[in-house]
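Work through the exercises below with the sequence and the coordinates open beside you. Each task is followed by a solution that proceeds step by step.

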Amino acid sequence: MAGTSQTAPDDRGGSTGQNDRPDPATEAFLTHRNLLFTVAYEMLGSAADAEDVLQETWLRWVGVDLDTVRNQRAYLVRITTRQALTRLRALGRRRESYVGPWLPAPLLTAPDVAEDAELADSVSMAMLLVLETLAPTERAVFVLREVFDVGYDEIAEAVDKSPAAVRQIAHRARAHVAARRPRGVVSPAESRDALEAFQRAADTGDLQRLLDILAPDVVFMGDGGGVKQAVLRPVVGADSVARVLAAGLSRIAATASLQPAQVNGYPALIVRFDGEIDTVIAVRIDDGLVTGLYAVRNPEKLSHMQRETTLRR
């Protein structure tokens, strides 16, 4: 398509036509860009890979005859889903050789994400880890149906299955997720209260305070990607997690700062050294207690913590 850039546009720039208005392809892509990024991110758990999928979507979109497209949103979601599925299958093979636990890349999210409880729940670290246990097609079907309310016929076109098969896959995926997801949607206020209690305990290094807010079956996971030091397997149980945290926090207490932030729709903590982000700690809360702690240290996963990411359904 003449006059269009080969780099996917964002809201800071893109291809323009007369009177500085974007051409029709660019305008449609920009209208739905945040939605497409959210679809790709929920399918992949990686902001960098989601951006790559958007680039691939754009390259295909600029070659489409728009006069043949009845529903631009549905068409763009279909392209994005197909590209994300291809990448997800390749990533699954790469993650088998990943050093230590693999965690999703955290996003510094805009405040309005937290206001949409269902969206915040769907992009939470805990839910993304549940989605990791689904097969690629199951994950695509679940995300499109349960998060974005896409019709079965549209999903069928996106994943190259019959509508009847998609219904079966959706049913199976819902049951799988229901058995593993957090026990209930937690309000931002509950998460904030628990996080503040955790931060107070962390600031003081008080082992008993940590034990008071950790669930008996709490799980701590760290992701250093083989680049930064992190636990190489999940630590389970309040006593074990509290001791690991107390030991780690005591080592960095004099040189690091802990700052609250909105990450993946929920309150989280950012650990900084000399102003630079070193670790992002996301939490899972159930019944007022911390049941999951996810510490992302791999520098490649922290690039989207520099500015807010807008997510859309």
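**Exercise 1. Determine which residues Phe29 touches, and place Phe29 within the nonpolar core that it helps to form.**

Solution. Leaving out residues up to four places away in sequence, Phe29 touches Ala8, Pro9, Leu36, Leu54, Thr57, Trp58, Trp61 and Leu76, where contact means heavy atoms within 4.5 Å. A conventions note belongs here: residues are numbered from 1 along each chain as its sequence is written, and side-chain values use heavy atoms, with hydrogens and water left out. The model is predicted, and local features need pLDDT of at least 70, side-chain atom pairs count only at pLDDT 80 or more, and totals for chains, interfaces and linings use all residues.

The next step is the core itself, which is a set of buried Ala, Val, Leu, Ile, Met, Phe, Trp, Tyr and Cys residues joined through side-chain atoms within 4.5 Å; buried means under 20% relative accessible area, exposed over 50%, and partly exposed in between, with a 1.4 Å probe and protein chains only. The largest such core has 59 residues, and those with the most contacts inside it are Phe29, Phe37, Trp61, Leu131 and Val159. At least two residues each come from several helices, including α2 (47-61), α7 (136-147) and α9 (163-178), while α1 provides the largest share, 11 residues. Apart from this core lies another of 29 residues, among them Leu195, Val235, Ile281 and Ile285.

**Exercise 2. Describe the geometry of helix α1, from its start to the residue that follows it.**

Solution. Helices (H or I, at least four residues) and strands (E, at least two) are DSSP runs numbered from the N terminus. At the start of α1, a side-chain oxygen of Asp23 comes within 3.1 Å of the backbone nitrogen of Ala25. The helix has 21 residues and spans 28 Å from its first C-alpha to its last, close to the 30 Å expected at 1.5 Å a residue, the expected span being 1.5 Å times one less than the number of residues. At Arg33, α1 bends by about 55 degrees, an angle taken between axes fitted to the seven residues ending there and the seven starting there. Of its 21 residues, 16 are buried, so that α1 is mostly covered. Gly45 follows α1 and has a positive phi, near 70 degrees.

**Exercise 3. Is Thr137 buried or exposed, and which residues does Thr137 touch?**

Solution. Thr137 belongs to helix α7, and with a relative accessible area of 15% it is buried. Not counting residues up to four places away in sequence, Thr137 touches Leu85, Arg89, Val159, Lys161 and Ile169.

**Exercise 4. Locate Asp160 and Asp287, and state what phi each of them adopts.**

Solution. Asp160 sits in the loop between α8 and α9, and its phi is near 60 degrees, a positive value in a residue other than glycine. Asp160 is exposed, with a relative accessible area of 60%. Asp287 lies in the loop between β5 (276-286) and β6 (289-296), where its phi, near 55 degrees, is likewise positive in a residue other than glycine. At 70% relative accessibility, Asp287 is also exposed.

**Exercise 5. Work out how strands β3 and β4 are joined.**

Solution. The two strands, β3 (residues 256-263) and β4 (residues 266-273), run antiparallel and are joined by 8 bridges; strands pair if DSSP finds at least two bridges between them. Gln262 stands opposite Pro267 in β4. The hairpin formed by β3 and β4 has 2 residues between the strands, and Asn264 in the turn has a positive phi of about 50 degrees.

Key: A polar contact is a pair of N or O atoms within 3.5 Å; within protein, one must be able to donate a hydrogen and the other to accept it, and residues adjacent in sequence count only if both atoms are side-chain atoms.
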